[in-house]
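Subject: Structure for you to look at

Hello,

Here is the structure I said I would pass on. Please open it beside this email and follow along as you read.

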Amino acid sequence: MHHFNYQNRELFCEDVPVKVIAKEVGTPFYLYSYATLKRHFLVFSKEFENIEHLVCYSAKANSNLAVLKTFANLGSGLDIVSGGELRKGLESGFSPEKMVYSGVGKRIDEIDFALNKGILMFNIESMEELVIINQRAELCGKRAPVGIRVNPNIDPKTHPYISTGLQKNKFGIDVDEALEAYRAANSIEHIDLVGIGCHIGSQITEINPFREAINSLKNIAQQLEKEGISLQYIDIGGGLGILYDDETPIDLSEYAKSIIETVKGTDYTIILEPGRVFVGNAGILVTKTLYRKSGKVKEFIVVDAGMNDLLRPALYDAFHVIQPVDQTDDPMIVADVVGPICESSDFLAQDRYMPNVKQGQLLAVMSAGAYSFVMSSNYCSRPKVAEVMVKEDSFNVVRTRESYEDLISGESIPLFL
Ligand code: LLP
């Protein structure tokens, strides 16, 4: 459910015509609906209201400060993967005691930053990392709260680039070595073992991998309990898939039920790290048709947004619905929607059955709230686009479009040149 709807054949975000924003802000731009963000958080949280839990929104999905602040205001915690996300989380009002920090490559400065701010838990991904966190904790005069991220060797049946819980993936500590890892970690001086976690992948549309994962974590936690190592948190990660095309996303109540049933009767607090499911369908990318072009074998719709603005189609062959901001009676055609970048992978859609749009017409690339602006780059010296948030009948630019000055800021030409 989102708040991008047509009124009299014109696309609105909540109560604002998309065209009005395009006129003021220019194109391309990302557009987020506040009501959709809020609704997604509330609907999700409600499913878990009867168990001890903490929702930690996964900042990497969309870390615009306004988006972060939306979730912070609703009481969310934050899943972070870098010092930058920690900084943005603090800036937008998240309490560090509600932050969990995963990632295979945490740097010393990032570890120190997190220790000094007092985050809830480091999800460590290797024993070498644990040793470093222990050393840093001693130097900072702190104790480090740690959970081990387990790699449960479960196939989430999603795109290989976003599967993270298989043995061949770089993430976590192998499930077969987890108990040993806990036993070893338990005797390390400046470490408090507080949790266990996993994150098996993203855009998952089958419930069974989640069931297996939570079961596996619970079994390890209970075995540890018997050995005198009692953990407080079970962190199930994120990964819920959303509707982009013709998927059947997991029913949220089913998902919640499978988690609740597994931990019923235990004292564990469940940590959830949803990203895409909160923001994915709460955002769109608005782009303008620059040119029409008929190739020998293809029709091209050349737009002003490229793979540097939205990488997902080029990187994962991801599907995003593309629809005109103004609906017309134009006939349907099959076309590639392509950007201005000098690569053949610079497409937003390929062989897409869509209206025969003309030069100047605006298009909305749907479901572009997650992993979209955050993965954009300045490739081909293109300034990053603006981000806008709508609430009811008003809109706010929540990130200004980069200027040509921004493009060269920080660069310098050495004297020998
Ligand atoms: N927790 C951890 C440790 C993660 O690595 C991720 C995502 C999440 C939570 C949130 O997962 P979600 O609920 O959003 O599925 N760029 C890719 C997705 C990469 C996901 C990375 N990790 C894409 O555009 O599809």
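Below is what was found in it, starting with the domains and ending with the ligand.

Please keep in mind that the model is predicted.

The domains. The protein chain is split into two parts: domain 1, made of 4–32 + 280–408, and domain 2, made of 95–274. To the contact between them, domain 1 gives 10 residues and domain 2 gives eight residues. The C-alpha centres of domain 1 and domain 2 are 35 Å apart.

The ligand site. The ligand occupies the space of the largest pocket. Around the ligand there are 19 residues, and the closest are Ser202, Glu273, Arg312, Tyr316 and Tyr371. Sorted by type, the shell around the ligand has five nonpolar, eight polar and six charged residues. Which domains supply this shell? Domain 1 and domain 2 each contribute at least three residues to the shell around the ligand.

Individual contacts. Three residues are worth finding on your screen.

- Glutamate 273 has a polar side-chain atom 2.5 Å from a nitrogen atom of the ligand.
- Arginine 312 has a polar side-chain atom 2.6 Å from an oxygen atom of the ligand.
- Glycine 275 comes in through its backbone: an N or O atom there lies 3.0 Å from an oxygen atom of the ligand.

How much of the ligand's accessible area does the protein cover? On its own the ligand has 590 Å² of accessible area, and the protein covers 91% of that.

Regards

Conventions
Residues numbered from 1 in each chain as written. Predicted model: local features only at pLDDT ≥ 70, side-chain atom pairs only at ≥ 80, totals over all residues. Heavy atoms only, no water. Near = heavy atom within 4 Å. Polar contact = N/O pair within 3.5 Å; in protein donor to acceptor, adjacent residues only side chain to side chain. Areas by Shrake-Rupley, 256 points an atom, 1.4 Å probe, with all protein chains shown as cover. 1 Å grid on protein atoms, 1.4 Å probe; cavity = no way out; pocket = protein on both sides within 12 Å on 5 of 7 lines; lining within 4 Å. Sits in = over half its atoms within 2 Å of the grid points. Nonpolar A, V, L, I, M, F, W, Y, C, P; charged D, E, K, R; others polar. Domains from an automatic or database assignment. Contact = heavy atoms within 4.5 Å.
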